[in-house]
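Q: I'm new to reading protein structures, and I'd like a close look at one part of this one. Could you walk me through the place where the ligand sits, and then what lies behind it?

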Amino acid sequence: ALLPGGLDMLILNHIGHSYFNYFDGDVDHIRKLLETNFLSYVAMTVTALPMLKESEGNIVVVSSVAGKAPGPFAAPYSATKFALDGFFSSLRHEFIIENVNVSITLCILGYIDTGKLNATGARGLRRVAPSPKEECALEIIRSGALRQHELHYPPGIVNGMLLLRGLAPGFLDTLIRSNIVVENVQRAPPPHGTRVPPAGSPGSGR
Ligand SMILES: NC(=O)C1=CN([C@@H]2O[C@H](COP(=O)(O)OP(=O)(O)OC[C@H]3O[C@@H](n4cnc5c(N)ncnc54)[C@H](OP(=O)(O)O)[C@@H]3O)[C@@H](O)[C@H]2O)C=CC1
Ligand SMILES: C[C@H](CCC(=O)O)[C@H]1CC[C@H]2[C@@H]3C(=O)C[C@@H]4C[C@H](O)CC[C@]4(C)[C@H]3CC[C@]12C
């Protein structure tokens with residue numbers, strides 16, 4: 001049903017729970033995370049589009065540097081954020097081609113002070129100063145209202161990373177890994193009954 005007052009801006013922000021650790025082989029987790037972090041964004045866009053066409057409004061999609069320049073230990077999360085870029089950046093082309101006056105803003109965020117790292121226990125990350133969530137929220141709304149194609153926040157870190165990704169991707173990857181204390185990331189124990197070769201033995205990879 002259409003909202004009585006119409007709809008000016010759709011901000012897609014929610015995410016499901018994931019982990020900051022080695023990929024554990026759980027395909028079902030990725031399927032569920034894609035449902036929450038990606039497919040629900042598509043479904044809400046489809047539902048809201050008639051109202052947004054009416055208001056010539058804005059779609060704002062909240063993503064992460066992990067959706068442009070992936071680091072280790074966030075494979076499921078990173079995959080869902082890359083999917084957002086693929087879908088919404090393609091859809092933006094179609095809107096422009098068809099003169100649909102609904103803007104699409106993809107927000108590429110660095111580390112924001114929402115208490116997330118503490119909550120997920122991402123112990124492997126070196127402590128970097130998070131950016132303030134209040135300023136971030138304002139920038140998200142502003143970038144949507146200004147109909148920007150992308151928001152990079154905080155600009156210094158995110159622009160720097162994306163520039164390096166184009167110019168020297170190997171160097172960027174090295175920098176990203178150097179921001180992580182791998183020893184602090186503990187592999188989950190293998191499922192019951194799985195034989196793990198002792199460290200140092202052939203095939204252990206350790
Ligand atoms: N914090 C950071 O450092 C960064 C965050 N981002 C992005 O910013 C956005 C917000 O992140 P942040 O505020 O930190 O995350 P939070 O986990 O604090 O917030 C996520 C929100 O999503 C809601 N949610 C979870 N599952 C569902 C669901 N199935 N349906 C509807 N709502 C749901 C949660 O509700 P409830 O609490 O009720 O479960 C919660 O309000 C995300 O898109 C994230 O990827 C990007 C880069 C860095
Ligand atoms: C693991 C977190 C998601 C799962 C959850 O249950 O909360 C991640 C949510 C936001 C991530 C951070 C982010 O998106 C910005 C950086 C991206 C880099 O690739 C890694 C460091 C991040 C700070 C990243 C860390 C994991 C999350 C907190």
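How many residues surround ligand 1, and which are the closest?

A: Sure! One thing to keep in mind is that this is a predicted model. In it, ligand 1 is surrounded by 15 residues. The closest are N13, Y77, I112, T114 and K116, so start by finding those five on your screen.

Now zoom in on the polar contacts. The side chain of T114 has an N or O atom 2.6 Å from an oxygen atom of ligand 1. Y77 places a polar side-chain atom 2.7 Å from a ligand oxygen, and for K81 the distance from a polar side-chain atom to an oxygen of ligand 1 is 2.9 Å. Taken on its own, ligand 1 has 900 Å² of accessible area, and the protein covers 55% of it.

What kinds of residues make up this shell? Six are nonpolar, seven are polar and two are charged. As for where they come from, strand β2 (58-64) and helix α2 (75-97) each supply at least two of them. The biggest giver is β2, with three residues.

Let's follow β2 away from the ligand. Both β2 and α2 also turn up among the elements that give two or more residues to the largest nonpolar core. That core has 27 residues, and the members that touch the most others are L12, L52, I59, V61, F88, F95 and V102. Helix α1 gives the most to this core, with seven residues. Pick out L52 and look around: leaving out residues up to four places away in sequence, L52 touches L7, D8, M9, L10, G57, N58, I59 and V102.

There's also a second, separate core of nine residues, with V60, C136, L151 and Y153 among them. As a general habit of soluble globular proteins, nonpolar side chains tend to be buried together.

Finally, have a look at I140, which lies in helix α4 (residues 133-145). Is I140 buried or exposed? Its relative accessible area is 8%, and the cut-off for buried is under 20%, so I140 counts as buried. Beyond its neighbours within four places in sequence, I140 is in contact with I11, V60, V62, C107, L109 and L151. Take L109 from that list: I140 and L109 are 31 residues apart along the chain, yet their C-alpha atoms are separated by 9.6 Å.

Technical notes
Residues are numbered from 1 along each chain as its sequence is written. Chains are lettered from A and ligands numbered from 1 in the order in which they are written. This is a predicted model: local features need pLDDT of at least 70, side-chain atom pairs count only at pLDDT 80 or more; totals for chains, interfaces and linings use all residues. Side-chain values use heavy atoms; hydrogens and water are left out. A residue is near a molecule or strand if one of its heavy atoms lies within 4 Å of it. A polar contact is a pair of N or O atoms within 3.5 Å; within protein, one must be able to donate a hydrogen and the other to accept it, and residues adjacent in sequence count only if both atoms are side-chain atoms. Accessible areas come from the Shrake-Rupley method with a 1.4 Å probe; for residues, only the protein chains shown count as cover. Helices (H or I, at least four residues) and strands (E, at least two) are DSSP runs, numbered from the N terminus. Ala, Val, Leu, Ile, Met, Phe, Trp, Tyr, Cys and Pro count as nonpolar, Asp, Glu, Lys and Arg as charged, and the others, Gly among them, as polar. Buried means under 20% relative accessible area, exposed over 50%, partly exposed in between (1.4 Å probe, protein chains only). Contact means heavy atoms within 4.5 Å. A nonpolar core is a set of buried Ala, Val, Leu, Ile, Met, Phe, Trp, Tyr and Cys residues joined through side-chain atoms within 4.5 Å.
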